[in-house]
Amino acid sequence: VDAAGVVGLEVQLQLTYREPVLLPDILPGEGVGACVGDPPSEVEAESGGGTRLVHLLEDPEGTFSDCTLACSDGDVSAHLAVITRHPDFAGLTRGQRVPMPDVTRAEAMGCLRPLYGADPQSAVELRAHLLSLCEARNEMLADGCIQTHHGESCRVHRCLAAAHSDWFRAAFAHAAQRGVATVHLPCEDLPPGAVSTLVRWLYTAHADEAEHLLTPEHVVATARVADQLVLEPLRKSAATLMAAHVDSANAPSLLLTATALGDGFGEVRSAALEHMVANLARAVEAEYFDDLAPGVQATIRALAKASALNPLCPGVRISHPAELLGMLRESLDLQSERLADAEARQREERQADAPQESATWVGLWGSRRPEQLDEVDRRIEAQRSRVAALRAFIAAQEEAFSASGHAPGEAGRV
């Protein structure tokens with residue numbers, strides 16, 4: 001764009017964006033809203049139906065920005081991969097600085113926000129643009145490259161990769177310090193040919209683009225890749241899918257995988273343990289059960305036995321000793337409190353009855369005959385026995401879990 005073209009662009013922008021419209025997340029009095037010719041469409045996108053990249057625009061560091069709008073009160077860093085979908089920006093080139101002396105930063109930001117998916121309808125339009133951009137990956141705009149251990153390479157727009165992954169953000173920043181724009185994926189689990197599918201998701205972070213990654217045969221590999229590359233939405237989707245498809249055959253292997261991947265896969269660990277506890281006979285026959293640590297195997301067996309003998313709810317589904325012990329201790333506290341109250345009331349009524357020789361008397365529980373008091377004593381004794389049995393059961397489980405390598409936590413309290 002030459003000098004005359006710049007003037008034309010400024011005039012075009014002012015004519016096109018002359019009517020400010022406040023976006024829902026901008027309060028009146030806090031600055032200019034989205035300067036678009038018409039208000040945003042009333043059509044609401046489906047949940048998660050679009051892509052939002054407003055955080056890229058608002059990033060003070062201008063993550064991998066490649067053009068600048070020089071406004072009257074400061075610069076706005078922008079990204080060609082996003083803004084060139086608007087005809088007013090279609091002619092910009094990488095590194096270009098566009099003078100806009102009659103436009104403030106707030107006005108420019110307001111004009112750009114819809115292009116970055118600030119509202120539901122523009123988010124849908126942005127996603128469609130990013131998918132077409134991903135398919136073409138114009139050499140002029142794609143400024144980075146991803147290489148896999150299979151030797152495959154794929155050109156990408158660094159700002160889009162960084163927008164959805166802190167790993168790519170750090171990797172491309174480190175590469176730039178060395179004067180290169182290529183990063184090597186550390187993911188040996190990524191199957192050949194899958195990098196293009198991964199990049200397609202990386203551009204939009206939308207569930208539909210992960211359809212081929214989140215299948216029963218690929219979900220474990222996807223989980224590992226998402227965990228390594230800090231692709232948080234993809235990791236969560238993979239973990240949810242893994243937890244929903246636990247069975248007796250795969251529970252041990254899923255437990256091993258979830259344990260290796262760490263805290264982000266707690267729901268998978270819980271689902272695998274819970275299934276093995278509830279289906280111990282079949283779980284021990286699974287291919288990878290013997291690969292579990294001896295302490296883990298012992299804990300699973302102890303949990304299965306405790307679940308079957310649980311005096312409160314036999315067969316309850318549990319996945320961790322703390323879960324079982326917490327439930328039992330809570331019940332013990334409640335039953336012990338009720339027993340203590342019953343014993344105190346009975347002592348009061350016995351004391352009130354002591355000076356009386358009549359067959360009936362009036363106490364805290366109304367008129368009672370001696371034989372009725374005896375029946376209450378029997379009930380209290382039965383409750384006392386149940387509390388003692390529950391306390392002994394908890395102590396036995398704590399001992400069993402300690403032997404399997406799991407500290408009971410509050411063993412001294414019982």
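**Close-up views of salt bridges and strand pairing**

**View 1. The salt bridge between Arg127 and Glu209.** In this predicted model, the side chains of Arg127 and Glu209 come together in a salt bridge, with a distance of 2.9 Å from N to O. Arg127 belongs to helix α5, whereas Glu209 lies in the loop between α8 (195-204) and α9 (219-228), so the pair ties together parts that are 82 residues apart in sequence. Both partners, Arg127 and Glu209, are buried.

**View 2. The salt bridge between Arg113 and Glu58.** A search of the whole structure finds 14 salt bridges, and one that involves Arg113 and Glu58 has its closest N and O atoms 2.7 Å apart. Because Arg113 is placed in the loop between α4 (105-112) and α5 (120-136) while Glu58 is part of helix α2 (residues 54-58), this contact ties together parts that are 55 residues apart in sequence. The two partners are covered to unlike degrees under the cut-off that sets buried residues under 20% relative accessible area: Arg113, at 8% relative accessibility, counts as buried, and Glu58, at 45%, counts as partly exposed.

**View 3. The salt bridge between Glu232 and Arg235, and a network of shared partners.** Glu232 and Arg235 form a salt bridge in which the closest N and O atoms are 2.7 Å apart. These residues are three apart in helix α10 (residues 232-244), which means that about one helical turn separates Glu232 from Arg235. Glu232 counts as partly exposed at 35% relative accessibility, whereas Arg235 is buried, with a relative accessible area of 9%. Elsewhere, Arg127, Asp208 and Glu209 are joined into one network by salt bridges that share partners.

**View 4. Strand β1 and its surroundings.** Strand β1 (residues 67-71) is mostly covered, five of its five residues being buried. Cys67, Leu69 and Cys71 point one way from β1, while Thr68 and Ala70 point the other way, and all of these residues are buried.

**View 5. The pairing of β1 with β2 and β3.** With strand β2 (residues 74-78), β1 pairs in the antiparallel sense over five bridges, and the connection from β1 to β2 is a hairpin that passes through two residues. Within this pairing, Cys67 has Ala78 of β2 as its bridge partner. Strand β3 (residues 96-100) runs parallel to β1 and is joined to β1 by five bridges, and in β3 the bridge partner of Cys71 is Met100.

Technical notes: Residues are numbered from 1 along each chain as its sequence is written. This is a predicted model: local features need pLDDT of at least 70, side-chain atom pairs count only at pLDDT 80 or more; totals for chains, interfaces and linings use all residues. Side-chain values use heavy atoms; hydrogens and water are left out. A salt bridge is a side-chain nitrogen of Lys or Arg within 4 Å of a carboxyl oxygen of Asp or Glu. Helices (H or I, at least four residues) and strands (E, at least two) are DSSP runs, numbered from the N terminus. Buried means under 20% relative accessible area, exposed over 50%, partly exposed in between (1.4 Å probe, protein chains only). Two strands pair if DSSP finds at least two bridges between them.
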